[in-house]
Amino acid sequence: MKKLFLGVLTALALAAGGTFAGTLDDVKARGNLLCGVSTGAPGFATVDDSGKDVGFDVDYCRALAAAIFGDPMAVKFVGLTSAVRFTALAAGEVDILARNTTWTYSRDTDLKQTFLGVNYYDGQGFMVKKELGVKSTTELDGATVCIQVGTTTELNLADYFKENGMSYEPVPTADNAESQQQYLAGACDTYTTDASALHGTRVNLENPDDHLVLPEIISKEPLGPLVRHGDDNWADIGRWVLNALVIAEEKGITKDNIDSWKDTKDAEIHRLLGTGDDDILAMVGLPKNAMYNAIKAGGNYGEIFENNLGATSGINIERGVNASWTKGGILYSPPFR
Amino acid sequence: MSSPTLPPSESFKFSMLLSDTRYRGMSLQVITFIIFMAVFFWLVDNTIKNLALLDKDVSFNFLSLRAGYDINQRLIPYTSDSTHGMAALVGILNTLLVAFVGCIIATVLGLFVGILRLSKNWIVAKLMSAYIEGFRNVPVLLWIVMVFALLTEFTPAPRAFKGAEPEASMLFFESIAITNRGTYFPAPVLAEGAYWLLLCFGLSIVASIYFIRYANKQKKVTGKSLPTFWISVAVIIFPTLIVFFAMGQPVSLEYPYLKGFNFKDGIHLRNSFLALTLALAFYTSAFIAEIVRAGIMAVSKGQSEAAASLGLRPNKIMSLIILPQALRIIVPPLISNYLNLTKNSSLAIAVGYMDVRGTLGGITLNQTGRELESMLLLMGFYLAVSLLISSFINYFNRSFQIVVR
């Protein structure tokens, strides 16, 4: 009897005492990637009419899945609110978090996470109803502000109103959908979050022209995917898939013309697409053609942007600083060498 | 001991720990305790190991760091420069406020509904049944969201009060504004001399308590009952009124008025607070009503018949004969309903009410990443509050029970 008890105890201990090293092996063994995305941010992660996950962050995870499995559909998307996302990542519920998350010092250090880079340079903005007659954030003294809890925007908001000697009343909400509902019901005068999300939300409102995103941007919000501390190889894979998409745009490699580069003299393209002799992707445990698959999945960075946030998507966000450095933006990837 | 005293067996065998009834009970308890402690230590050890793997430690230092976020409803001074500890305290007070107000409303409503459900009037009794079944059988979270939706969707925005011909207007002589951001009431403003007024008011209440005690004693001795209610109301109101005018009306009302985006001044009850408190109170009152009904029905019918034959009127029978006996049955289960209401208040996040779950367990947890610490503190808080409430009511309960001699 006693032996049985001890046996059960030991088994329990072994089962529950799992570690987080070797995320790539875990993902491969599971057969799919667990990607934490937003519960509904138009342009970044939503579900389309046919029930398919679409969006800027979704496409990044599909590229990553394609790099690992060769199959962009080998991803399971886990919708996370801003309040639970870090806990979910830390607890291992997702392998990677691509949930328009701002890269900050304390999140990088204190929350023990590794940001893989910036996939969207954003800033915090405000949306108001046009009938309010507000033209600038400096006119918002005394306003009631809808804000998602647990975000950096919450802290920026407090700082911005304090710096400008203005008062406000926060109305905390759980996610974008709830904020939108409160804003439309008039329970708050203005809704603040990352400007990209505001644009995305605005075009999906019943009468987008009745609403205005104010011109001021009150913060820097560099958004990017992130993983847990402690598995550098996994972080490298995520980082270089992102970089590969950026390099692909630089080089002009698109989803459609990707097969026509076999005879190029550019050695970096051969390394990237795995058409050359050296197999440098083996260093992180990926197949030779991993980046080829990643780019093939949803196109290069520029294509993903256009399809989800740019003119093709109807959201019409300008590339602005998010253009490649060769086109006047600040998107710049280290060399693939 | 009924068994004959036998000489102890020659040798104590180890197997006797389980086979001998003298030792079995004790040894089983010891084994259970050891297993319990083993599982407990394994859980703690596992947690520490896994936290170490994540490169994390357990530390409560974050409570003294700058919070950086604002909270809309504050009962104590708080800004974004205050600490996370202060933010937690603001949340705790908000939780206690909802629990306190909610329990009072739930008790009053529950008492009424419970008594009325026993009414001989068919319509009243059926209405009360519908109320009870309606609130009791729908999850409280849905009621909270429902009340909140009603409050925000069907009330005018502050802007509707603007202009020469506003779409909405304030109630009760321009004193109360019901908006989709909350309800604004006039706030009392204390001027010089107001403390005398408060002192007088406090003394009047003490005096009325003494009067009620005196009246009860008189009743026991002489059998005559004084008009306790009206006299004590008069004792509370008149001296205070006299002092109020004698001191030159030191308390005035500050009316809410529309300025910019919102109403300014006055007391602002936010919709999140109203929705949470009302929904919790309605929901819990349905349970309390059933407890009250059970308590009343448990008092034997002979009691009320005997009282009626003595010539007591129905309301006297209820207040003098039935309720005092029913209270003994009602109070113990009442505790668990108060506890439920308090704990259910952690659903506040659904309507964005900043209770302790919203501040410490929500924003602070998220901004600092201290999940384990925040959750431990939260559990400690709810445990302490629950134990306090139940010990308080248990103390109260003892005074109702029949004293056994």
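Which residue follows helix 11 of chain A, and is its phi positive or negative? Gly299(A) follows that helix, and its phi is positive, near 90 degrees. Keep in mind as you look through these views that this is a predicted model.

**Figure 1. Chain A as a whole.** Let's start with the big picture before zooming in. Chain A is built from 12 helices and 13 strands. Its radius of gyration is 22 Å, close to the 20 Å that the globule rule gives for 337 residues, so chain A is as compact as a globular protein of that length. Along the principal axes, the C-alpha atoms fill a box of roughly 70 × 60 × 40 Å. Half-hidden is a fair way to think of the chain: 50% of its 337 residues count as buried. Now look at the contacts in chain A with a separation of 6 or more: 74% of them come from residues 24 or more positions apart.

**Figure 2. The two domains of chain A.** The domain assignment splits this chain into domain 1 (23-121 + 222-327) and domain 2 (124-219). The C-alpha centres of these two domains of chain A are 29 Å apart. Where they touch, domain 1 of chain A puts in 17 residues and domain 2 of chain A puts in 17 residues. Sort the domain 1 side by class and you get 8 nonpolar residues, 9 polar ones and no charged ones.

**Figure 3. Helix 11 of chain A, a covered helix.** Here we zoom in on residues 290-298 of chain A, where 9 of the 9 residues in helix 11 are buried. Among them are Met291(A), Tyr292(A), Asn293(A) and Lys296(A). What do the buried residues of this helix pack against? Their partners in chain A are helix 3 (56-69), helix 9 (232-251), helix 10 (267-273) and helix 12 (301-308). Just past the end of helix 11 sits Gly299(A), the residue with the positive phi from the opening question.

**Figure 4. The largest nonpolar core.** This core has 150 residues, and the members that touch the most others are Leu64(A), Leu245(A) and Ala294(A). Its largest share, 15 residues, comes from helix 9 (residues 271-298) of chain B. Now centre on Leu64(A): leaving out residues up to four places away in sequence, Leu64(A) touches Leu33(A), Ile96(A), Gly238(A), Val241(A) and Ala294(A). You have already met the neighbourhood of Ala294(A), as this residue is one of the buried residues of helix 11 of chain A.

**Figure 5. Strand 9 of chain A, enclosed on both faces.** All 6 of the 6 residues in this strand (residues 143-148) are buried, so strand 9 of chain A is largely enclosed by the rest of the structure. In a regular strand, side chains alternate between the two faces of the sheet. Here, Ala143(A), Val145(A) and Ile147(A) are on one side, with Thr144(A), Cys146(A) and Gln148(A) on the other, and both faces are covered. Next door, strand 10 (residues 168-173) of chain A runs parallel to strand 9 of chain A and is joined to it by 6 bridges. To spot the pairing, find Ile147(A), which stands opposite Pro172(A) in strand 10 of chain A.

**Figure 6. Two residues with a positive phi.** Most residues other than glycine have a negative phi. Lys112(A) isn't a glycine, yet its phi is positive, near 60 degrees. You'll find Lys112(A) in the loop between helix 5 (105-109) and strand 6 (113-115) of chain A. With 18 C-beta neighbours inside 10 Å, Lys112(A) counts as partly exposed. Asn316(A) isn't a glycine either, and its phi is positive at about 60 degrees. Look for Asn316(A) in the segment after helix 12 of chain A. Asn316(A) has 12 C-beta neighbours inside 10 Å, so this residue counts as exposed.

**Figure 7. Chain B and where it meets chain A.** The domain assignment gives chain B domain 1 (23-53), domain 2 (84-186 + 255-398) and domain 3 (188-254). Taken over C-alpha atoms, the centres of domain 1 and domain 2 of chain B are 41 Å apart. The contact between the chains takes 33 residues from chain B and 37 residues from chain A. On the chain B side, helix 2 (21-53), helix 5 (140-153) and helix 12 (356-368) each give two or more residues. By class, that side has 11 nonpolar, 15 polar and 7 charged residues.

Technical notes: Residues are numbered from 1 along each chain as its sequence is written. Chains are lettered from A and ligands numbered from 1 in the order in which they are written. This is a predicted model: local features need pLDDT of at least 70, side-chain atom pairs count only at pLDDT 80 or more; totals for chains, interfaces and linings use all residues. Domain bounds come from an automatic or database domain assignment. Two residues are in contact if their C-beta atoms, placed from the backbone, lie within 7 Å. Ala, Val, Leu, Ile, Met, Phe, Trp, Tyr, Cys and Pro count as nonpolar, Asp, Glu, Lys and Arg as charged, and the others, Gly among them, as polar. Helices (H or I, at least four residues) and strands (E, at least two) are DSSP runs, numbered from the N terminus. A nonpolar core is a set of buried Ala, Val, Leu, Ile, Met, Phe, Trp, Tyr and Cys residues joined through C-beta atoms within 7 Å. A residue is buried if 20 or more other C-beta atoms lie within 10 Å of its own, exposed if 12 or fewer, and partly exposed in between; C-beta atoms are placed from the backbone. The radius of gyration is taken over C-alpha atoms; the globule rule is 2.2 Å times the number of residues to the power 0.38. Two strands pair if DSSP finds at least two bridges between them.
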